[in-house]
Amino acid sequence: MIVGLIVNPVAGLGGAVALKGSDGPDIQARALALGAVPRAAERAAAALRALRARRPDVLVRTVAGPMGEDSARAAGVPYRVAHRPAATSASTGAASTGAADTRAAVAALGDVDLLLFAGGDGTARDVLDAAPRPPVLGVPAGVKVYSGCFALSPAAAGATVAGFDGRTVDAEVVDLDEEGHRAGLVGARLYGTLRVPAARDRLSGRKTGSSAAPPGSAESIARAVVAGMRPGTAYALGPGATTLAVGRALGLALTPLGVDVVRDGALLAPDVTEQRLHAIAMSQVTHGVLSVIGGQGFVIGRGNQQFSPRVLAALAGVVVLATQQKLAALGGRPLLVDSGDPRADAAFEGHVRVVTGHRESVLYRISSASEELS
């Protein structure tokens with residue numbers, strides 16, 4: 001089995017440092033200056049390890065340096081370098097790669113059985129623009145992973161490739177305008193479709209909105225959350241329309257798509273980074289308030305990377321919010337956690353109480369996204 005691998009080494013840089021994306025060299029430089037740590041390479045390596053555990057005969061064709069070779073070497077899989085992007089060298093490093101490098105790599109790896117790429121929605125767009133000949137599959141490594149062409153997790157990506165039998169389905173590629181995204185203007189645009197393995201249980205699916213929820217659903221949930229807030233306790237409100245409703249119930253204008261910390265009805269810290277959130281959680285009792293991504297079911301690991309494994313360990317608890325319609329749309333599939341640390345994810349497995357309205361809640365199954373789904 002010959003698998004192509006392309007890694008966007010700067011994917012996901014902006015998440016933990018509250019930049020809401022990683023597109024563009026200026027944002028990438030700013031993220032690194034704020035202490036962001038690249039994670040795409042290790043997530044690609046995790047996918048390759050899961051693949052080789054099931055298919056020892058796999059051969060990886062990849063791109064030199066941080067765009068794939070480093071991940072293949074770290075995973076210990078046999079590989080060959082099939083492309084060397086001009087922008088990548090020992091002196092320039094990962095941050096010099098861009099969309100043109102991804103598109104060129106797709107063209108160079110056109111003769112593989114399946115093409116893996118590690119990144120986010122922006123990377124998926126670059127792959128789409130290059131019109132890949134083989135089927136593809138995304139390893140989720142971006143800040144926002146709303147497209148349907150991604151596996152649930154790196155481990156799920158490796159397992160999916162190992163079991164690929166040639167059958168494919170079309171998966172949508174969507175993306176947000178990051179400048180508008182940072183300003184709170186939320187709206188995903190459909191760019192096209194990519195052929196992916198027909199393995200629905202291991203694909204994340206496309207994010208869907210909350211338009212199907214009856215009017216007042218978010219406000220009803222918000223009233224329940226506010227009523228349950230304890231004096232002297234900090235609450236870290238993750239991104240999402242439902243958590244914004246919690247802010248409105250408190251009389252506060254929260255950061256759209258950011259993480260804000262409130263205490264005693266007042267804004268304690270707006271638009272926090274992972275580092276700031278960890279400091280708060282270590283210094284006082286703090287609960288996370290997280291909404292469910294419609295259509296996908298993710299609670300942690302998509303657009304809220306400020307809730308890192310160490311932050312999750314420091315929190316006194318987590319409150320999960322979702323409308324009944326959003327839960328029903330999952331069709332019985334579990335809520336998902338993909339923090340990047342299997343041990344942190346495993347701590348959530350079981351059932352979680354989900355607030356669905358004022359004086360309304362349900363127990364719902366929650367799982368690590370790396371769990372082997374049957």
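This passage walks through a predicted model of one protein, from its confidence values to its two sheets, a helix pair and two loop residues.

A good place to begin is the confidence of the prediction. The mean pLDDT of the protein is 88, and 84% of its residues reach 70 or more. Among the elements, strand β8 has the highest mean pLDDT, at 98, whereas helix α7 (residues 178-182) has the lowest, at 52. Some caution is also invited by residues 88-95, where pLDDT stays under 50. For that stretch the model has 13 contacts beyond four places in sequence.

The first sheet to visit is an open one of five strands, arranged in the order β3-β2-β1-β4-β5 with parallel pairing. Its edges are formed by β3 (79-83) and β5 (136-140), each of which pairs on one side only. On average, neighbouring strands of this sheet are turned by 25° against each other, direction ignored. The pairing of β2 (residues 59-63) with β3 is parallel and runs over four bridges; here T62 has V81 of β3 as its bridge partner.

Two helices can be followed across this five-stranded sheet. Helix α4 (residues 99-108) lies across β1, β2, β3 and β4, and runs at about 115° to β3. Helix α2, in turn, lies across β1 (2-7), β2, β4 (114-119) and β5, with a direction at about 165° to β1.

Helix α2 also has a helical partner. The helices α2 (residues 40-54) and α6 (residues 154-162) pack at an angle of about 40°, and their axes are 7 Å apart. The crossing of α2 past α6 is right-handed. From α2, the residues R43, A46, A47, A50, L51 and R54 take part, meeting P154, A155, A157, G158, A159, V161 and A162 of α6. By type, the residues of this contact divide into 10 nonpolar, one polar and two charged.

The other sheet to explore is built from nine strands. This sheet is open as well, its order is β10-β9-β8-β11-β13-β15-β16-β14-β12, and its pairing is mixed. Strands β10 and β12 (298-300) each have a single partner strand, so they stand at the edges with one side left without a neighbour in the sheet. Neighbouring strands are turned by 40° against each other on average, direction ignored. At the β12 edge, β12 and β14 (residues 335-337) pair in the parallel sense over two bridges, and I300 has V337 of β14 as its bridge partner. Helix α10 packs on the sheet, where it touches β8 (234-237), β9, β10 and β11 (286-291). The direction of α10 makes about 110° with that of β10.

Two loop residues complete the tour, and both concern the backbone angle phi. L257 has a phi near 65°, a positive value in a residue other than glycine. The place of L257 is in the loop between α9 (241-250) and β9 (260-263). With a relative accessible area of 15%, L257 counts as buried, because the cut-off for that class is under 20%. D271 likewise is a residue other than glycine with a positive phi, near 45°. D271 is found in the loop that joins β10 (266-269) to α10 (274-283). The relative accessible area of D271 is 27%, so this residue is partly exposed.

Technical notes: Residues numbered from 1 in each chain as written. Predicted model: local features only at pLDDT ≥ 70, side-chain atom pairs only at ≥ 80, totals over all residues. Heavy atoms only, no water. Buried < 20%, exposed > 50% of the residue type's maximum accessible area, 1.4 Å probe, protein only. Pairing = 2+ DSSP bridges. Axes fitted to C-alpha atoms, helices over the stretch in contact; angles between N-to-C directions. Contact = heavy atoms within 4.5 Å. pLDDT = per-residue confidence, 0-100. Left-handed = near helix turned anticlockwise from the far one by under 90°. Nonpolar A, V, L, I, M, F, W, Y, C, P; charged D, E, K, R; others polar.
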